[in-house]
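The following exchange concerns the charged and buried side chains of one model and their surroundings. A close look at a single residue serves as the point of departure.

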Amino acid sequence: MKKAPILFPLLALLIFFASCKNESDNYIDPRGTNYAGSESCIQCHQAQYETAFHSSHFKASAPATKENILGQFTNGQKTFVYDAATKLVMEERNDSLYQVLYKNGKEVEAHPFEVLFGTKHAQTSAFWKSHYTYELPLSYYKSLNNWATSPGYSATVPNFERKIDKECYGCHSSNIASRYVTTSSDSINFMTQDVEDFMNPKTLIYGIDCERCHGPAKQHVQKHLKFPDLKIAQNITSFKNLNRQQKLDACALCHSGNDKQKLKSRFEYRPGDNLLNYFRGVPGSNDSIHYDVHGNQFGLLAQSKCFKKSETMDCMTCHNPHANASQNLAGYSKICMSCHQGIQHNATTLKTMSGSLLANNCVGCHMPKKMSDAIKFQASNNKKMSNYILRTHKIGIYTDNKK
């Protein structure tokens, strides 16, 4: 009888691990049976998961719930005017949100917010139609705190016909395909659409999840639940075991532009793969004219002297991939000063601010914010074209605000 208090917590612990294992075993992932799903990571990596869950990576795409949509649906901030007779209005209908086109006061067409792209600086939305998604003509921009034309859209002619290519999902989601999985009590059935470009919403895994960067985790979860005393990660890709180029490739998959010739889908990439097997061309040429601050962060970084002279510098030297880029500029400056100790600013530079302030703001001067040529937009009743503004990743000495 005295052993009962000891046996009870042991029994509870066994039940816990058994339930975790069963939950993992029963999970069906559209990518295949060797995937465990990101929620299985919470059991051992709760801190990393919770941080990543709120990051722009995890929110690169999301379902269009009221909680996820950034824009306003209140009077004064929900109408875009194309001309005297044409306007687009954000409306809530039956617990769903729509962009509704009116001509001379009469509704012409209405499309729901169904898939969201982005959350940090701006957000673009899409709706499903006949196995494809189409971009809604208005996006929300935090710089305006209001709606404006989606990138490349007209401010005078509404358009609901721009199809979103599957490769766009390659950097904004963890999976989408024409193949989907259905389950029954005793089988798993795989079905494939006749047209390869078709996309099935059942296969969409929103955002960049844990397994997109670390690979299929089913065996990893099962192994560590069965042997919780294991200290070295089994059956998973750990970035500390990758070489520099492999780490860079994992980020460059989506952060080196999309102008290179595609050889294979991004969805086929697994961490540790050689990126040149997926895209033809070597990232980091000396031509920076076409390297935009949006989407080609690695191309710009690779041109920097800091990067070229270092044998170890990679994206994670400055960034925690599980979290958003820090707003603490002094924190980045500490990283810069770890290599640039003793650097003295000239008299002209010191006139702009004191030496102590300069020491805490390296990126403000050497990685300034630039206008994107790839993303431009217009607000309602405004002929001025606005540019998306992001910090360049080309580290250098800038004497003006030009590239």
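Q: Please examine D29 closely: does this residue count as buried or exposed, and at what relative accessibility?

A: D29 counts as buried, since its relative accessibility is 2%; here buried means under 20% relative accessible area, exposed means over 50%, and partly exposed lies in between, with a 1.4 Å probe and protein chains only. The model is a predicted one, in which local features need pLDDT of at least 70 and side-chain atom pairs count only at pLDDT 80 or more, while totals for chains, interfaces and linings use all residues. Residues are numbered from 1 along each chain as its sequence is written, and side-chain values use heavy atoms, with hydrogens and water left out.

The partner of D29 is R31: the two form a salt bridge whose closest N and O atoms are 2.9 Å apart. A salt bridge is taken as a side-chain nitrogen of Lys or Arg within 4 Å of a carboxyl oxygen of Asp or Glu. R31 also counts as buried, at 12% relative accessibility. Side chains of opposite charge can pair when their charged atoms come close.

The search of the whole structure finds 10 salt bridges. One of them joins the side chains of E91 and R93, at 3.0 Å from N to O; E91 is buried with a relative accessible area of 16%, whereas R93 is partly exposed with 24%. Another links R162 to E135, with the closest N and O atoms 3.2 Å apart. R162 lies in the loop between β10 (146–149) and α3, and E135 in strand β8, so this pair ties together parts that are 27 residues apart in sequence. Helices (H or I, at least four residues) and strands (E, at least two) are DSSP runs, numbered from the N terminus. R162 is partly exposed, at 29%, and E135 is buried, at 10%. Salt bridges that share partners join D29, R31, D209 and E211 into one network.

D292 offers a further case of a buried acidic side chain, with a relative accessible area of 10%. D292 lies in the loop between β16 (279–280) and α7 (297–301). Its side chain reaches the backbone nitrogen of H294 at 2.9 Å and makes a polar contact with the side chain of S372 at 2.6 Å. A polar contact is a pair of N or O atoms within 3.5 Å; within protein, one must be able to donate a hydrogen and the other to accept it, and residues adjacent in sequence count only if both atoms are side-chain atoms.

The nonpolar side chains form cores of their own. A nonpolar core is a set of buried Ala, Val, Leu, Ile, Met, Phe, Trp, Tyr and Cys residues joined through side-chain atoms within 4.5 Å. The largest holds 19 residues, of which F80, L88, F113, L138, W147 and F160 touch the most other members. Two or more residues come from each of β2 (79–83), β3 (86–93), β4 (96–103), β8 (132–135) and β9 (138–141). Beyond its neighbours within four places in sequence, L88 is in contact (heavy atoms within 4.5 Å) with residues including F80, Y82, L101, L138 and F160. Another core, of 13 residues, lies apart from that one, and L253, Y278, L301 and A302 are among its members.

The cysteines yield 1 disulfide, defined as a pair of cysteine sulfur atoms within 2.5 Å. C171 is joined to C254, with an S to S distance of 2.5 Å, and the link is left-handed, at -100° about the S-S bond. The pair links distant parts of the chain, 83 residues apart, with C171 in helix α3 (residues 166–172) and C254 in helix α6 (residues 244–255). By contrast, the sulfur of C306 is too far for a bond, because the closest cysteine sulfur, in C336, is 7.0 Å away.

Finally, confidence should be considered. The protein averages a pLDDT (the predictor's confidence in each residue, from 0 to 100) of 85, and 85% of the residues score at least 70. Over residues 6–22 the pLDDT is below 50, and this stretch has 5 contacts in the model beyond near neighbours in sequence. Residues 180–195 are also below 50, with 30 such contacts. Where pLDDT is low, the predicted coordinates should not be read in detail.
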